[in-house]
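Let's explore a protein model together, one question at a time. Have a look at the structure below, and then we can talk through what holds your attention.

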Amino acid sequence: MNDHTDYTVSIHYDRRLYRQDIAGSKAHAAMLAKQGIITQDDADRIIAGLGKVQDEIERGDFPWDPALEDLHMNIERRLTDLIGPAGARLHTGRSRNDQIALDMRLYTRQAIADAVAALRDVQRALTQLAERHSNVVMPGYTHLQRAQPVLFAHHMLAYFEMFQRDIGRFTDCAARMDVLPLGSGALAGVPYPTDRHAVADTLEFSEISPNSMDAVADRDFLAEFHAAAAITMMHVSRLSEEIVIWSSREFDFVRLADEFTTGSSIMPQKRNPDFAEIARGKTGRVYGSLMGILTVLKGLPLTYNRDLQEDKEGFFDTVDTLLSTLRVFADMLPGMTLNTERLESLASESYMLATDLADYLVGKGVPFREAHGVMRRLCQHCEAEGKSLSELPLDEYLKFSPHFDDDVYAITAAASVAARDNPGGTAPNRVAEGLARAKQILQE
């Protein structure tokens with residue numbers, strides 16, 4: 001018969017939680033002594049011994065034993081080896097169920113802080129890119145068809161706003177996660193006069209869990225983190241897609257720094273945007289982890305079930321994927337250069353101004369729907385004749401509407417952009433307001 005003893009072992013991945021586990025154990029030991037549940041001498045020995053355990057782990061000298069299955073038992077066994085019987089008293093008044101619930105909350109708290117910091121770095125890079133090219137006009141798109149001229153800075157600040165919402169989601173997750181589960185025991189609480197509020201203060205939690213059963217079973221905060229990470233990666237993937245398209249020879253809008261492109265094994269002319277493509281691909285990986293945790297949780301009766309061991313590998317992978325991707329983009333965006341001549345040339349292409357010409361007719365008293373029809377017919381005429389709108393003489397304009405005049409030729413891409421002077425629009429002064437707002441957010 002095959003040996004299946006390693007099927008339930010988690011030490012090869014949950015050892016990653018050692019800092020959180022040791023921090024929680026130190027706070028727990030100090031509280032036990034304060035409450036007279038163990039002696040102060042034992043607590044001092046435990047806390048000092050845990051420090052030695054952490055040093056061993058960080059030096060790579062810790063004797064991990066898969067036979068002990070998980071992080072908690074490995075640390076407790078080593079602690080007892082180092083300090084003797086006092087080590088065996090550490091687990092008084094707690095269970096591995098509330099212990100791991102605490103470890104995961106502490107780890108998630110740090111992951112949220114790291115994610116927010118990384119998002120700020122990406123926002124900073126976007127803001128600097130927008131400011132550096134604040135006057136560049138580019139074609140804006142709907143349906144991947146050229147639609148209306150916009151400022152490049154306006155386009156970059158759209159992603160700033162997406163990432164700002166992502167920060168809000170992570171911050172919301174942190175607020176709901178800010179609850180200490182330790183002291184809930186296996187599921188029903190503990191029969192010792194513990195001071196959970198003291199532990200919460202030490203570990204900087206705002207409150208303690210009000211229901212012991214919920215506390216050991218709850219992994220909502222992990223699902224929330226996964227969801228926030230998935231939405232963030234979706235935003236990164238959208239930006240990746242645009243970078244991939246923009247850097248193609250067909251668009252030729254941007255050029256990435258060499259360190260963020262790769263060549264082809266057989267085609268020496270290639271500059272592949274591999275980093276953006278990989279980020280786009282890794283988005284699906286984060287989506288998968290979100291579905292994984294939701295599927296693990298969906299059929300679990302209260303309270304703790306061993307299925308919850310499956311909450312970690314996908315979570316760790318999501319954290320690593322999210323942070324590494326955001327750090328790549330924070331470094332890649334500042335080195336992206338624009339082909340401003342190409343951008344502004346396409347933004348000035350006459351059909352891009354069709355809506356502005358319709359608005360021009362509205363300004364002459366023509367109802368918008370009628371003006372829209374005039375411009376549709378005029379564009380069809382130009383396409384049939386192989387002409388651009390800017391090439392039409394005034395007498396041809398007048399065949400479609402008597403309201404056209406010489407001032408029709410004053411409608412340019414720059415004028416189109418400047419006309420969008422309402423809050424949130426792409427007019428230069430509105431984009432300047434958006435840049436100022438972004439800088440203020442980053443300073444705060």
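Q: Which helix gives the largest share of residues to the largest nonpolar core?
A: Keep in mind that this is a predicted model. The largest nonpolar core has 109 residues, and Phe152, Phe170, Leu180, Phe225, Ile243 and Trp246 touch the most other members. The largest share of this core, 16 residues, comes from residues 96–132, which form helix H5.

Q: How many residues does the second, separate core have?
A: Look for Leu357, Leu361, Cys382 and Leu389, which are included in this second core. It is separate, and its residues number 19.

Q: Which residues does Trp246 touch, leaving out those up to four places away in sequence?
A: Trp246 is one of the core residues that touch the most other members. Leaving out residues up to four places away in sequence, its contacts are Met138, Phe152, His155, Met156, Phe251, Asp252, Phe253 and Val254.

Q: Why does Leu187 count as partly exposed?
A: Leu187 sits in the loop between strand E3 (179–180) and helix H7 (196–202). Together with Met213 and Leu302, Leu187 forms a nonpolar surface patch with about 270 Å² of accessible area. Partly exposed covers the range between under 20% and over 50%. Leu187 counts as partly exposed because its relative accessibility is 35%.

Q: Which residue in E2 stands opposite Tyr141?
A: Strands E1 (residues 137–142) and E2 (residues 145–151) pair in the antiparallel sense over six bridges. They form a hairpin with two residues between them, and His143 in the turn has a positive phi of about 60°. Opposite Tyr141, in E2, stands Arg146.

Notes:
Residues are numbered from 1 along each chain as its sequence is written. This is a predicted model: local features need pLDDT of at least 70, side-chain atom pairs count only at pLDDT 80 or more; totals for chains, interfaces and linings use all residues. Side-chain values use heavy atoms; hydrogens and water are left out. A nonpolar core is a set of buried Ala, Val, Leu, Ile, Met, Phe, Trp, Tyr and Cys residues joined through side-chain atoms within 4.5 Å. Buried means under 20% relative accessible area, exposed over 50%, partly exposed in between (1.4 Å probe, protein chains only). Helices (H or I, at least four residues) and strands (E, at least two) are DSSP runs, numbered from the N terminus. Contact means heavy atoms within 4.5 Å. Patches are made of residues with over 30% relative accessible area and no salt bridge: like charges are joined within 9 Å, nonpolar side chains (Val, Leu, Ile, Met, Phe, Trp, Tyr) within 5 Å. Accessible areas come from the Shrake-Rupley method with a 1.4 Å probe; for residues, only the protein chains shown count as cover. A salt bridge is a side-chain nitrogen of Lys or Arg within 4 Å of a carboxyl oxygen of Asp or Glu. Two strands pair if DSSP finds at least two bridges between them.
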